[in-house]
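Work through the exercises below with the model open. Try each task before you read its solution.

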Amino acid sequence: DASQVMKHVANPLQKKFGYPHGMSFVQDSESGDLIARQGSGKAASRLVRQNYRLSDGESIVGHVANTGEPFVTNDVENVVFYNPHPLLHDVESAMTVPIIIEDQVIGVLDVQQDSSISFSERQLNSLSAVADQLAVALNRIDILDSLEQRVQQRTHDLVVLYNLITIISENWQLQDLLELSLVLTLETVKADRGIIYLTDGKDDPGLKPVIQRGFASGNQIDPGNLPDDKLAMEVFKERKPLTLENLAENPAYAKFDGMNCYAGIPITVRGDMRGVFSLFANEKGVFSSDEIALLTSIADHLGIGIENSILWEQSRENAALEERNRLARNLHDSVSQSLYSLTLMASTTKKMLERDPDLDVIKKSVTRLGDTAHQALKEMRLLLYELRPAVLDSEGLVSALQHRIETVEERLGVK
């Protein structure tokens, strides 16, 4: 922690050299102000608690931060840019050195005396050496903080991708896959609205919005409630991510209140364009380079999921077609042959009645006719029961078996 490091520097300086006042300042990266982070001595400690700050160039501390050069004076009253603080009214001498990392001033070490005792060159060298070591320590802290943030970001990205992979593996229906993926993405990058466009992959496909969030209640697609697809078409043609700021200033998007930022990510599968992921955010700066990299990974995984869903649906259709063909072959090979035999035997029996009404012969012919009809009926029943009973889907295996037994008992008249 930077504050703890500076605390361990300020207190030993006061003890070793006997300075009544000592403070370490850190430059704020946004405002440029120098903020007192640690102090030794009652007055300096009080200023730190008050969040004391100086603007760039203000007083001796600001002058050193501005020039990047040490400054020593044994008579602060004669320093033009000295700006005394009421709590440090008795200061007469000051020695101030910059804290520099890679030629950039990040802070200042300042010690002050309440007497006209002159600061020596040896003391200046000592304080400069301390500032150099402090710069090394603070630089190491910045590196560790940066590494920790990157590790956290990567961990976050991996969790998001893992959740997406789980969604892809558990949801084969395309609509469910797209809806869950869109919700996950919006929550991840803190976007407010989103649209997923898909195409059939032809040369001039015409993107179609298939699911949306944030433009209307529910997930229904109503072109009147959606922005035009010009941005999505640009992403599709260029085949690379697109980000825009100040989108609300464009008249074409003025009706969508608060929609300031846009990110469009191509959805590809093995190099082929399959669609576009369009995201909109009210807050500026949402779509950073890290977020775009994450969105690209999400779009790549989503493309695989879309491909799997399409292949799964095609396999279902192929399986249904194969089953229909099998039933058609069985009907042709068994039932249709039996029915054809029935028509021949019926025609023969009719002719026998007309030509020679011999009851014994006719009886044998009718018997064969009945046997053939019975065999055809059994074969038809067998084919019908090979089909999946609807009760199996709605009530389960036990109920389906019970229903089958009851049907057979009723038909045969047994219990």
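**Exercise 1.** What should the 16 residues of α5 span at 1.5 Å a residue, and how far apart are its end C-alpha atoms?

*Solution.* This is a predicted model: local features need pLDDT of at least 70, side-chain atom pairs count only at pLDDT 80 or more, and totals for chains, interfaces and linings use all residues. Residues are numbered from 1 along each chain as its sequence is written, and side-chain values use heavy atoms, with hydrogens and water left out. Helices are DSSP runs of H or I, at least four residues; strands are runs of E, at least two; both are numbered from the N terminus. The expected span is 1.5 Å times one less than the number of residues. For α5 that gives 22 Å, and the end C-alpha atoms are 23 Å apart, so the two agree. Just after α5, K190 takes a positive phi of about 60°.

**Exercise 2.** Find which residues of α6 are buried, and what covers them.

*Solution.* Buried means under 20% relative accessible area, exposed over 50%, partly exposed in between (1.4 Å probe, protein chains only). In α6 (residues 230-238), L231, A232, M233, V235 and F236 are buried. Their cover includes β7, β9 (242-244), β10 and β11. R239, just after α6, has a positive phi of about 60°.

**Exercise 3.** Find which element gives the most residues to the largest nonpolar core.

*Solution.* A nonpolar core is a set of buried Ala, Val, Leu, Ile, Met, Phe, Trp, Tyr and Cys residues joined through side-chain atoms within 4.5 Å. The largest has 31 residues; F277, L279 and L295 are among those with the most contacts inside it. Helix α7 gives the most, with 7 residues.

How values were computed. Contact = heavy atoms within 4.5 Å.
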